[in-house]
Amino acid sequence: MEHKVGLLCGRFQPVHKGHISLIREALKHCDHLIVAIGSAQESGTKRNPFDYETRKELLRRSMWGLGARVTIIPINDRAVLSDDSSWGKYLIREVFEQTGVVPTINFSGTEGVRSHWFDEVEIEQMELDRNITPISATALREAILNDDYDAFAQMAPNGLWLKYEWLKKTLRSIYNE
């Protein structure tokens, strides 16, 4: 049987239940999953408030029982737009350099935004339904900023609950500059 290594990219700003649903679904189709945290060099902005290490920690806190089958790596943005097919080559090269593994299957959301990234790369493509748990990190950040703990608790994995006050303080410092 072929050993399948999956790849799932996201910014996780911050991780939410939708992300965890996608990770769980991806793990049904591969033996090991590499989760690439994109825009790893970005932090302190409204679009990318949290640094890579924070996102990695929050993701790990949220993946109870999945950690042994998941590797988390940083992926920096390139100077050129990441909206072309050379992005896929760059991504695969970065994954290999950091893990020594070439993924055999790429998971992306049904929005289709990322499908052309891998036009020049031999890798199986699988679209996952992002609406299994329809949540966005933007909505989660808004709930935190508005101090709406009930909405936060609906969207955030349990691993984030103890970090709520810290998340709120961090976001407010960025949004109120």
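Student: In this predicted model, what separates Y149 and F152 by about one helical turn?

Tutor: Y149 and F152 are three residues apart in helix α5 (residues 149-155), which means about one helical turn lies between them.

Student: Why is the aromatic pair of Y149 and F152 called tilted?

Tutor: The ring centres of Y149 and F152 are 5.4 Å apart and the planes stand at 45°. Rings pair if their centres lie within 6.5 Å, and planes neither under 30 degrees nor over 60 apart count as tilted. The pair is therefore tilted.

Student: What makes the pair of Y149 and Y164 edge-to-face?

Tutor: For Y149 and Y164 the centres are 4.8 Å apart, with 90° between the planes. An angle over 60 degrees counts as edge-to-face, so the term applies. This pair links distant parts of the chain, as Y149 belongs to helix α5 and Y164 to helix α7 (residues 164-175), 15 residues apart. Y149, F152 and Y164 form one aromatic cluster.

Student: How do you know whether Y149, F152 and Y164 are buried or exposed?

Tutor: Buried means under 20% relative accessible area, and exposed means over 50%. F152, at 0%, is therefore buried. Y164 has 5%, so Y164 is buried. Y149 has 34%, which lies between the two limits, so Y149 counts as partly exposed.

Student: What makes K163 a residue that lies over the face of W166?

Tutor: K163 lies at 5.2 Å from the ring centre of W166. The limit for a charge over a ring is 6 Å, together with an angle within 35 degrees of the ring normal. K163 is accordingly placed over the face of W166.

Conventions
Residues numbered from 1 in each chain as written. Predicted model: local features only at pLDDT ≥ 70, side-chain atom pairs only at ≥ 80, totals over all residues. Heavy atoms only, no water. Phe/Tyr/Trp six-rings, centres within 6.5 Å; stacked < 30°, edge-to-face > 60°. Helix = DSSP H or I, 4+ residues; strand = E, 2+ residues; numbered from the N terminus. Buried < 20%, exposed > 50% of the residue type's maximum accessible area, 1.4 Å probe, protein only.
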